Amino acid sequence: MEWRRYAEQMAQLARDLVAQDSVQATLDAVSAAAVELVEGCDAAGILTVSKGRAVTLAVCGDMVEESDRLQGELGEGPCFDAARRVDGERLFRIADMTRPQPSWPRYSRAARDLGIGSMTGALLYTDEEDFGALNLYSRRPGAFGKDIESAGWLLASHAAVALSTARTVDQLEHALETRHAIGEAMGILMERHRMSEDEAFGVLRRISQDHNLKLRDVARRVRAQPSGQV
């Protein structure tokens, strides 16, 4: 691999990821970049597991979603194994999926049927039982050597930083939208029912607790009703 060219591509990727306007756009860009930049990579995806449930967040190419589904359904596979390691290693590589894989016997058999020849990947984050991973697939065995493995790790590192930033921005924007909705709902109640600010907020909070609704959902209901009622 020409590392100088790859470094330039990674720098451009970092700029592109920062420019994405949503978490999903960031995830999609990461998956697409893996297929474009990593030699031998035919497909790539980002898998997250929360409380044991596997969810495919982004896909570029065939075989990814089915591979993720199988790992979640069987509770075994390279992503799960990497997440459970206690030695700090967060990278995996399967040189030849056509051969038996004692660590994941059921998954490896199903993966061969999907046409997966080799795999590599890295964890993007891990938090107790929850984790996310960037996984790269090739239809041919031996596609990912040590140099390609390092390239995938660099890509995953960029992706992890970008994803963390995107998630933070998305959460901040969501918090601002929620605060704005609650403020508007309070204003409606204050104007139409001659309430004070504290009284209006107390009404929203009481409805939220009584009906087990999130405060922002109560606020949206108030805004949607012409009478200012929930």
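Of the 230 residues in this chain, 42% count as buried. Keep in mind that we're looking at a predicted model. The accessible surface adds up to about 12700 Å², with carbon and sulfur atoms holding 48% of it. As for contacts in the chain with a separation of 6 or more, 56% of them link residues 24 or more positions apart.

Now for the secondary structure. There are eight helices and five strands here, and walking along the sequence you meet them as α-α-β-β-α-α-β-α-β-β-α-α-α.

Let's stop at strand E5, which covers residues 130-138, and pick out Ser138 in that strand. With a relative accessible area of 1%, Ser138 falls under the 20% cut-off, so it counts as buried. What does Ser138 touch, leaving aside residues up to four places away in sequence? Its neighbours are Gly40 and Asp42, then the run Gly115, Ile116, Gly117 and Ser118, and finally Ala143 and Phe144. The Ser138 side chain also reaches the backbone nitrogen of Arg140, at 3.3 Å.

Further along the chain, have a look at how two helices meet. A pair of packed helices is described by the angle between the axes and the distance between them. For H7 (residues 197-210) and H8 (residues 215-224), the axes come within 9 Å and cross at roughly 115 degrees. The crossing is right-handed. H7 brings Phe201, Leu204, Arg205, Ile207 and Ser208 to the contact, while H8 supplies Leu215, Val218 and Val222. Sort the residues of this H7 and H8 contact by character and you get six nonpolar, one polar and one charged.

Conventions: Residues are numbered from 1 along each chain as its sequence is written. This is a predicted model: local features need pLDDT of at least 70, side-chain atom pairs count only at pLDDT 80 or more; totals for chains, interfaces and linings use all residues. Side-chain values use heavy atoms; hydrogens and water are left out. Axes are lines fitted to C-alpha atoms, for helices over the stretch in contact, and angles run from 0 to 180 degrees between N-to-C directions. Helices (H or I, at least four residues) and strands (E, at least two) are DSSP runs, numbered from the N terminus. A crossing is left-handed if the near helix is turned anticlockwise from the far one by less than a right angle, and right-handed if clockwise. Contact means heavy atoms within 4.5 Å. Ala, Val, Leu, Ile, Met, Phe, Trp, Tyr, Cys and Pro count as nonpolar, Asp, Glu, Lys and Arg as charged, and the others, Gly among them, as polar. Buried means under 20% relative accessible area, exposed over 50%, partly exposed in between (1.4 Å probe, protein chains only). Accessible areas come from the Shrake-Rupley method with a 1.4 Å probe; for residues, only the protein chains shown count as cover. A polar contact is a pair of N or O atoms within 3.5 Å; within protein, one must be able to donate a hydrogen and the other to accept it, and residues adjacent in sequence count only if both atoms are side-chain atoms.
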